[in-house]
Amino acid sequence: QKKLNKALLYAEQSKLLAPYNRTFNDVYVSLLDGDGQYKRAAETYALLLEKYPDDEDLYLDCAYFNSKNGKPDLAIKLYNNLEKRQGIQATTSLRKFKMYKRMNKGKKAIFELEKLMEAFPFEANYVLKLANYYVATAEQDKAKVYFQKTLDIEPTNSEANLAMIDFFLQNGDTSSYLNALLAVFENPKQGFKSKIKSLESLVIALTEGQLNPYIVSIQNLSHKLVQVYPKNGQANILNGEVYFYDKKYAKALEYFKVALNSQQNNLQLWKRTLECQRLTNNKAELVKYATTLIDLYPGQACSHYYKGIAWLYQTNYIKAVEALKLSKDIAFDDKDLTAASWRYLAWAYHRMHQSENTQKAFAASFDLLADNEETIYFYALTSIENKKDIDKSLQLVKGVIAKQPDNIQIRTIHGRLLYQQGAFKLAEQTWQYALQIGG
């Protein structure tokens with residue numbers, strides 16, 4: 001404080017030598033500002049303004065210190081005088097807008113923004129400020145109007161789009177919500193984290209069956225995110241998840257593999273990747289990835305499960321049985337994985353011509369998941385190859401068709417069962433239908 005007082009003394013002495021020197025006065029005012037003497041600062045600039053009435057910066061400086069001194073009316077008077085000299089300017093109007101807001105003079109605050117909107121009709125920022133003002137005053141209907149006007153001027157404005165998204169969510173307008181979100185996703189200036197958060201919520205809702213009618217729109221969003229962030233692991237995972245849910249496993253696999261480049265320690269991602277390889281019968285890749293997975297996660301049931309499938313692909317049935325037994329034992333509390341392990345064990349035993357073990361393994365799998373279409377498919381396949389239990393397999397297959405009439409794999413095996421029974425015409429019709437639906 002002593003140093004400040006000393007500096008003020010020297011500045012006052014300098015002013016006495018040159019009372020209207022702008023530099024000396026600016027130094028003096030900065031010291032007054034630091035000492036909280038806003039009234040003297042305003043008075044200093046007021047005297048300068050009398051001497052230099054054409055210096056527009058002095059109007060702003062004098063108004064600023066009047067405002068800090070608690071004299072907003074004097075500050076606004078100065079801004080109005082400046083506006084008469086230079087016309088409508090953003091700096092002046094926005095300062096008045098803020099002051100009127102603090103003074104709770106809403107109509108005058110709005111008028112300042114309306115003047116800017118009229119003077120600069122293609123500037124979205126002023127419209128957006130008015131929209132946010134109405135949000136702050138809880139006038140949601142008016143806010144929505146001006147957020148939309150912002151988008152009319154600047155369709156990709158991320159703040160306005162996010163605001164409209166909230167309105168659409170509140171009103172349950174999912175279609176408009178997704179369209180607005182797409183504009184946000186296309187904007188590289190919009191933060192990545194907010195995009196990821198939005199998409200994660202959508203993917204979760206989709207996989208829970210809540211947004212099935214909007215799957216194409218959600219695919220557009222996830223694809224757009226990958227276009228903007230092509231190497232980002234999380235973006236590729238979410239895109240893959242949407243395709244996985246849509247049963248487009250080959251497409252999902254593309255994105256999961258990209259994500260693995262940056263997320264080697266993501267076990268769920270490894271499981272998704274190998275499952276896509278299994279479902280697309282991508283044997284060579286599954287063998288390769290299963291080896292890496294078991295090296296990374298030797299204690300995980302899924303590692304032994306996929307390694308067992310890999311051994312099956314390589315026709316090493318003994319090692320397949322060893323791996324799949326480990327898988328089912330480790331996964332005892334995972335019903336789906338245990339049932340799947342028993343299913344592939346049954347197939348391995350079948351290939352080893354161990355009929356009793358085959359039947360026991362199928363029975364264990366059916367005990368866990370009685371209507372699983374993959375287990376039924378494998379069971380039907382062994383029935384055809386063994387030429388026994390065809391009637392039982394037909395009944396099981398028909399049960400799946402009743403629930404999943406467009407299951408190509410089940411339709412195909414159904415045709416083989418009918419053929420095995422000598423029902424060649426019915427088999428032909430079944431296969432023709434399978435072809436029609438994409439088989």
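This is a short tour of a pocket, a buried lysine and some salt bridges, to follow in your viewer. Keep in mind that the model is predicted.

**Stop 1: the largest pocket**

Begin by selecting Glu-275, Arg-278, Leu-279, Glu-374 and Gln-409, which are the closest to the centre of the largest pocket among the 41 residues lining it. The space in this pocket comes to about 1600 Å³.

Now colour the helices around it. At least two lining residues come from each of α16 (267-279), α18 (301-313), α20 (335-351), α22 (373-386) and α24 (408-420). Which helix gives the most to the lining? That is α20, with seven residues. If you colour the lining by class, you should find 18 nonpolar, nine polar and 14 charged residues.

**Stop 2: a network of charges**

Stay with the pocket and select Glu-275, Arg-278, Arg-343 and Glu-374, which salt bridges link into a network. Zoom in on one pair here: Glu-374 and Arg-343 form a salt bridge, with 3.9 Å from N to O. This pair joins distant parts of the chain, since Glu-374 sits in helix α22 and Arg-343 in helix α20, 31 residues apart. Are these two buried or exposed? Both Glu-374 and Arg-343 are buried.

**Stop 3: a lysine without a partner**

Next, move to helix α18 and pick out Lys-307. Lys-307 is also buried, but it has no salt bridge. Draw a distance to Asp-295, the nearest side chain of opposite charge, and you will find 7.6 Å. A salt bridge needs the nitrogen and oxygen within 4 Å. What does Lys-307 touch, leaving aside residues up to four places away in sequence? Its contacts are Ala-290, Thr-291, Ile-294 and Ala-323.

**Stop 4: two more salt bridges**

The structure has 15 salt bridges in total, and two more are worth a visit. Select helix α21 (residues 355-368), where Lys-360 and Glu-356 lie four residues apart, about one turn of the helix. Their closest N and O atoms are 3.4 Å apart, and the two form a salt bridge. Glu-356 has 58% relative accessibility, so it counts as exposed.

Finish with Asp-246 and Lys-248, whose side chains meet in a salt bridge of 3.2 Å, N to O. Asp-246 counts as partly exposed because its relative accessibility is 27%. Lys-248, at 41% relative accessibility, is partly exposed too.

Key: Residues numbered from 1 in each chain as written. Predicted model: local features only at pLDDT ≥ 70, side-chain atom pairs only at ≥ 80, totals over all residues. Heavy atoms only, no water. 1 Å grid on protein atoms, 1.4 Å probe; cavity = no way out; pocket = protein on both sides within 12 Å on 5 of 7 lines; lining within 4 Å. Points joined across faces, edges and corners; volume = space filled by probe spheres on them. Nonpolar A, V, L, I, M, F, W, Y, C, P; charged D, E, K, R; others polar. Buried < 20%, exposed > 50% of the residue type's maximum accessible area, 1.4 Å probe, protein only. Lys, Arg positive; Asp, Glu negative; His and termini not counted. Contact = heavy atoms within 4.5 Å.
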